[in-house]
Amino acid sequence: MFQGYETQFSTLFYPKAYFSSVTSYAKMYETDPFLILAVMREESHFNPLALSKSNAHGLMQIMLPTGKDIAGRLNEKWERSKTLLNPEQNMKFGSFYISYLQNRFNDINHYVIAGYNAGPGRVSGWKKAIWKS
C-alpha cells in the first residue's frame, strides 16, 4: 500500500535540514550526523531561533552556561544569545558537546542523550546512585 512512499515519509518524519553543515561538524568532532539531526529535531524542530522556557537557545537548544563553556573550550568568540542563535555556531557547539559527552560516557548513547538534556553531572550522579556502574 505504501510502496514508493518510503522516501517521502522518511523525509517528512526525519528531515535532513542543514545536512551539509551537520555532516561537516560530525566529521570534525567524530560523531554521528544522525544523532546531531535527532537532537536538532527533538530540541527545536529545526527552528534556529527556538528559545525554551528554561532559556535554551537555537537549533540544538544549548543553555547559556553550557554555550559559554563550549566557546571557551573551542576558543570561539562568545556573545551570549547572539552566538547560540547563529545556526552554524549552534550546530558547531552542539556537535562538539555531543562528542564530548560520547567521550565522557564511552559512546553509550542513552547516557549521552540524558547528559545532553539533564547535564553530565546529573547523569554521573544517577549512575552512581541508581545504576551502580
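## An exposed leucine in a predicted model

Leu49 counts as exposed because its relative accessibility is 60%, where the cut-off for that class is over 50%. The model in which this residue appears is a predicted one. Leu49 is placed in the loop that runs between α3 and α4. Its C-alpha atom lies 8.4 Å from that of Pro87, although 38 residues of sequence separate Leu49 and Pro87.

## Overall architecture

The chain contains eight helices and zero strands. Its pattern along the sequence is accordingly written α-α-α-α-α-α-α-α. The chain has 133 residues, and 38% of them are buried. About 8200 Å² of the chain is exposed, and 55% of this area is supplied by carbon and sulfur atoms.

Contacts across the sequence can also be described. Of the contacts between residues at least 6 apart in sequence, 40% join residues that are at least 24 apart.

## The largest nonpolar core

In soluble globular proteins, nonpolar side chains tend to be buried together. The largest nonpolar core of this chain has 29 residues, among which Ile36, Met40, Met60, Phe93, Ile98 and Tyr116 touch the most other members. The elements contributing two or more residues to this core are α2, α3, α4 (64–74), α6 and α7 (109–118). Helix α6 gives the most, with six residues.

Phe93 is one of the core residues that touch the most other members. Leaving aside residues up to four places away in sequence, Phe93 touches Ile62, Gly67, Ile70, Ala71, Leu74, Glu76, Trp78, Thr83 and Leu84.

## The two sides of helix α4

In α4, the buried residues are Leu64, Gly67, Ile70, Ala71 and Leu74. Viewed down the axis of α4, these buried residues fall within an arc of 120°, and they therefore line one face of the helix. An α-helix has 3.6 residues a turn, so residues three or four places apart point the same way.

The buried residues of α4 pack against α5 (81–84) and α6. On the other side of α4, the exposed residues include Pro65, Lys68 and Gly72. Asn75, just after α4, takes a positive phi of about 55°.

## Tyr29 and its link to helix α6

A pair of aromatic rings is described by the distance of the centres and the angle of the planes. There are five aromatic pairs in total. One of them joins Tyr29 and Phe96: their ring centres are 5.6 Å apart and their planes stand at 80°, so the pair is edge-to-face. This pair connects distant parts of the chain, since Tyr29 is in the loop between α2 (19–28) and α3 (33–44), while Phe96 is in helix α6 (residues 87–104), 67 residues apart. Both Tyr29 and Phe96 are buried.

The relative accessible area of Tyr29 is 13%, so the residue counts as buried, the limit being under 20%. Apart from residues up to four places away in sequence, Tyr29 touches Leu74, Lys92, Ser95, Phe96 and Ser99. The C-alpha atoms of Tyr29 and Tyr100 are separated by 8.6 Å, with their positions 71 residues apart along the chain.

## A tyrosine cluster

Another aromatic pair is formed by Tyr97 and Tyr100, and this one is stacked, with 6.1 Å from centre to centre and 15° between the planes. Both residues of this pair, Tyr97 and Tyr100, lie in helix α6, three residues apart, which is about one turn of the helix. Ring pairs link Tyr97 and Tyr100 with Tyr116 into a cluster.

How accessible are Tyr97 and Tyr100? Tyr97 counts as buried because its relative accessibility is 11%, whereas Tyr100 is partly exposed, with a relative accessible area of 23%. The charged end of Arg73 sits over the ring of Tyr100, 4.9 Å from the centre of that ring.

## Gln102 in helix α6

Helix α6 also holds Gln102. Gln102 counts as buried because its relative accessibility is 8%. Residues up to four places away in sequence are again set aside for its contacts, and Gln102 then touches Glu30, Thr31, Leu35, Asp107, Asn109 and Val112.

Key: Residues are numbered from 1 along each chain as its sequence is written. This is a predicted model: local features need pLDDT of at least 70, side-chain atom pairs count only at pLDDT 80 or more; totals for chains, interfaces and linings use all residues. Side-chain values use heavy atoms; hydrogens and water are left out. Rings of Phe, Tyr and Trp (its six-membered ring) pair if their centres lie within 6.5 Å; planes under 30 degrees apart count as stacked, over 60 as edge-to-face and the rest as tilted. Helices (H or I, at least four residues) and strands (E, at least two) are DSSP runs, numbered from the N terminus. Buried means under 20% relative accessible area, exposed over 50%, partly exposed in between (1.4 Å probe, protein chains only). A charge sits over a ring if NZ of Lys or CZ of Arg is within 6 Å of the ring centre and within 35 degrees of the ring normal. Contact means heavy atoms within 4.5 Å. Accessible areas come from the Shrake-Rupley method with a 1.4 Å probe; for residues, only the protein chains shown count as cover. A nonpolar core is a set of buried Ala, Val, Leu, Ile, Met, Phe, Trp, Tyr and Cys residues joined through side-chain atoms within 4.5 Å. The arc is that of the directions from the helix axis to the C-beta atoms.
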